[in-house]
Amino acid sequence: MAFDIMFSPMKIGKMEVKNRVVMTAAEFSLGQPNGEPTERLMNYYEERAKGGVGLITPGITRVNDMGAASTFTQLSMSSDRHIEPMREMANRLHKYGAKLCIQLHHPGRQGYASSINTLPLIIPITDRFPKVPEMLFKATPVLLGLEAKKVCMSLQAPSKCELSAHGATRIHAMSKREIHKLRDDFIAAAVRCKKAGVDCVELHSTHGYILQQFLSPNTNKRTDEYGGSFDNRLRFITEIIDGIKTQCGRDYPLIVRLCADEMYDRIGKPEKGYNLEEGKKIAKRLEEIGVDAINVSSACYDTYNYWLEPTSFEPGWRAYLAKEIKSVVNIPVIAANFIRSPEQAERQLEEGYQDFVGSARNFICDPYWAKKAEEGHPEKIRRCIGCLHCIKSFMFNASFKGTPGECALNPAVGIEKEYENMPKTGRGFRVIIIGAGPAGLTAAITLKRRGFVPIILEKEKEAGGQVNIAAAGPYKDKLHWAIEDMLTECKDLGIEIRYNIEATPELIKEEAPYAVLLASGGTPVRPRSIEGIDGDNVYLAPDILLGKAELKDKRVALIGSGLTGLETCEKLNETGNRVTIVEMAKAVAENAWFQFVDDSLSRIKPYGTEILLNTKLVSIDKNGVTVEDKNGQRKLEADAVVLSMGVRPNNALADEIEALGIRCYAIGDADKGGTIGNATQSAFHTAMMI
């Protein structure tokens, strides 16, 4: 398929972009406390420019240092000191014909209170003493504890309103003086961007941040000229736009990333916020006051899954938002729309849904997504599977480690130069990898690039390992893209995979490898201490998901509410079973990322599934299970019992291999159970260490 529209130029105002491919903003904590880009950050975006992206928008860029930040290492254009470092980044992207757009941002009620007024103190210290940031990140639990105790200052918001689902512990209604100061900060930041050679700026007015908060009746309950009526709620962003156009010139391109619909109806609260009809009115007004393009998005932190979708969502599910916005404006419309393939992107351009195709996660996962499509090799694209390892790792790493986020499928994120120049010290040494799941395949690819000769032994007839189980869950089939794309890369690299082979110490001895990587996955936990655990009415969750066992119209006790348990529950619900989940912990899927839990529960709850927390399985018999909670033991009647109690590492071979005098390293679930991202990161770092 040709991608003629996607790779044709188009203008945003006076700026011509070489193609219709836009990398939208996604914060990855690659900067430094003073707001300047690091070499690592510039390498990261330069790689995407080299990969063919036409317009690149780095992560959120703060406009002042006094108000709340979203991370201590985000970019900033709050001071003239930022002009020259930003010019260097712009020049590096321009070398490849890419344009640079800076997204101006303030979090409002969704910021971190511990950052208020602290950056002006931290910046000069960290400039002089580079080791100080390490101490700050170690202190993060203390800072968050202070927030929770409401010791920190309150965050700015348009008005007193409910707290964000994820964010502030206290907020206050901004005074007019604060509004005018923040307005001027946005304008001044845009002026600095222009001076730095930045091609355009974008106002971040979606995902629940301050500009959207002023637009929304849910968060803007002011009774003065900045709240109440439609015109008054638009006054703040209008003044910012007027100021930018006045001081930067009417020709300086200005984009607004707009929340077209706050999506409260999706969580059963249609009376809150604003919907698409009002979003269209806002877009039309923005065009009238001089905005050069609308970057369509949706939702806020309260409706998180409707702007940062997990894997269960269908590609293009929200394309209708962009099409509706496009129907009322005559300026270019950019939209992400959960685009995953060049074919989908070209189709949405051709059918008039949008003028530019945007994505962040596609280019995090594969910096050369655009180039591969343009050169006629879309089959070589490493597709984003929506596993959310990026956001989960970013939230943890940025807050507690001061390191960037990760991608489950691209280990080069944040270390682009190091990855490109990885030590080629393999010297043709053979390495046996046992298991062709994500860990085994990642290890093989990394070792091959280092000059080793990896050989994968897989006992099954196909690759995938634990991913085959995960991908068998309802709406989770896209997870298998990870395996398909790794296999494509293995084939291109000439990596040998032997199927239907059981690895034994004898076979390993015969192969005489330099080292062995044990990527043999995990085994479902089946505690032998529990009476009745081997009964005929007891099943394992993977067998239900893979269709090896089928239950229909039964009463089922499902033991364990981790993500596998929730996916198994969904499958059981679909076949008419009445499910009761028994969970020892105090919360459902306590260690899982909240978005996946919310996503699964949205499909589980309509079936009336009962969830028993703080409840332990005691025994099993042919009539059901005995459980124990704070009130003592009781019997739950059930026709079948399904166990989803986690996995234990399958690494028994390790000692036998080492006894042969051969290096052996357990990776992925064979080392420690976890997600696809945990497995690939484990494999990559081990393969780099050998």
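Which residue in β17 does Ile 455 stand opposite? The partner is Glu 496: Ile 455 and Glu 496 face each other across paired strands. Before going further, please keep in mind that this is a predicted model.

## The sheet around β16

The strands in question are β16 (residues 453-457) and β17, which pair in the parallel sense over three bridges. They belong to an open sheet of five strands, and its order is β17-β16-β15-β18-β29, with parallel pairing. At the edges stand β17 (496-498) and β29 (663-666); each has a single partner strand, so one side of each is left without a neighbour in the sheet. Between neighbouring strands of this sheet, the turn averages 20 degrees, direction ignored.

A helix accompanies these strands. α17 lies across β15 (430-434), β16, β17 and β18 (515-518). Its direction is at about 165 degrees to β16. Keep α17 in mind, as it returns below in the section on cavities.

## A second sheet

Further along the chain, you can find another open sheet of five strands, in the order β20-β27-β21-β22-β23, again with parallel pairing. Here the edge places go to β20 (538-540) and β23 (610-612), and because each has a single partner strand, one side of each is left without a neighbour in the sheet. From one strand to the next, the twist averages 25 degrees.

Have a look at β21 (residues 555-559) and β22 (residues 578-582), which pair in the parallel sense over five bridges. Where does the bridge partner of Ile 559 lie, and which residue is it? It is Val 582, in β22. This sheet has a helix packed on it too: α22 (residues 563-574) touches β21, β22 and β27 (640-643). The direction of α22 makes about 165 degrees with that of β22.

## Empty space inside

Rolling a probe the size of a water molecule over the atoms reveals where empty space is left. In this model, the count comes to six cavities of 30 Å³ or more. The table sets the largest beside the second largest.

| Cavity | Volume | Lining | Classes in the lining |
|---|---|---|---|
| Largest | about 140 Å³ | 13 residues | seven nonpolar, three polar, three charged |
| Second largest | about 100 Å³ | 13 residues | 10 nonpolar, two polar, one charged |

Nearest the centre of the largest cavity lie Arg 382, Leu 409, Ile 445, Met 486 and Glu 489. The elements that give two or more residues to its lining are α17 (438-449) and α19 (481-493). Of these, α19 gives the most, with five residues.

For the second largest cavity, the residues nearest the centre are Cys 384, Cys 387, Cys 390, Cys 407 and Ala 408. Two or more lining residues come from each of α13 (361-365) and α15 (389-400). The most are given by α13, with three residues.

## Aromatic pairs

A pair of aromatic rings is described by the distance of the centres and the angle of the planes. The whole structure holds 16 aromatic pairs. One of them joins Tyr 306 and Trp 317, with 6.0 Å from centre to centre and 70 degrees between the planes, which makes this pair edge-to-face. Both Tyr 306 and Trp 317 are found in the loop between β12 (293-297) and α11 (319-326), 11 residues apart.

Technical notes:
Residues numbered from 1 in each chain as written. Predicted model: local features only at pLDDT ≥ 70, side-chain atom pairs only at ≥ 80, totals over all residues. Heavy atoms only, no water. 1 Å grid on protein atoms, 1.4 Å probe; cavity = no way out; pocket = protein on both sides within 12 Å on 5 of 7 lines; lining within 4 Å. Points joined across faces, edges and corners; volume = space filled by probe spheres on them. Helix = DSSP H or I, 4+ residues; strand = E, 2+ residues; numbered from the N terminus. Nonpolar A, V, L, I, M, F, W, Y, C, P; charged D, E, K, R; others polar. Pairing = 2+ DSSP bridges. Axes fitted to C-alpha atoms, helices over the stretch in contact; angles between N-to-C directions. Contact = heavy atoms within 4.5 Å. Phe/Tyr/Trp six-rings, centres within 6.5 Å; stacked < 30°, edge-to-face > 60°.
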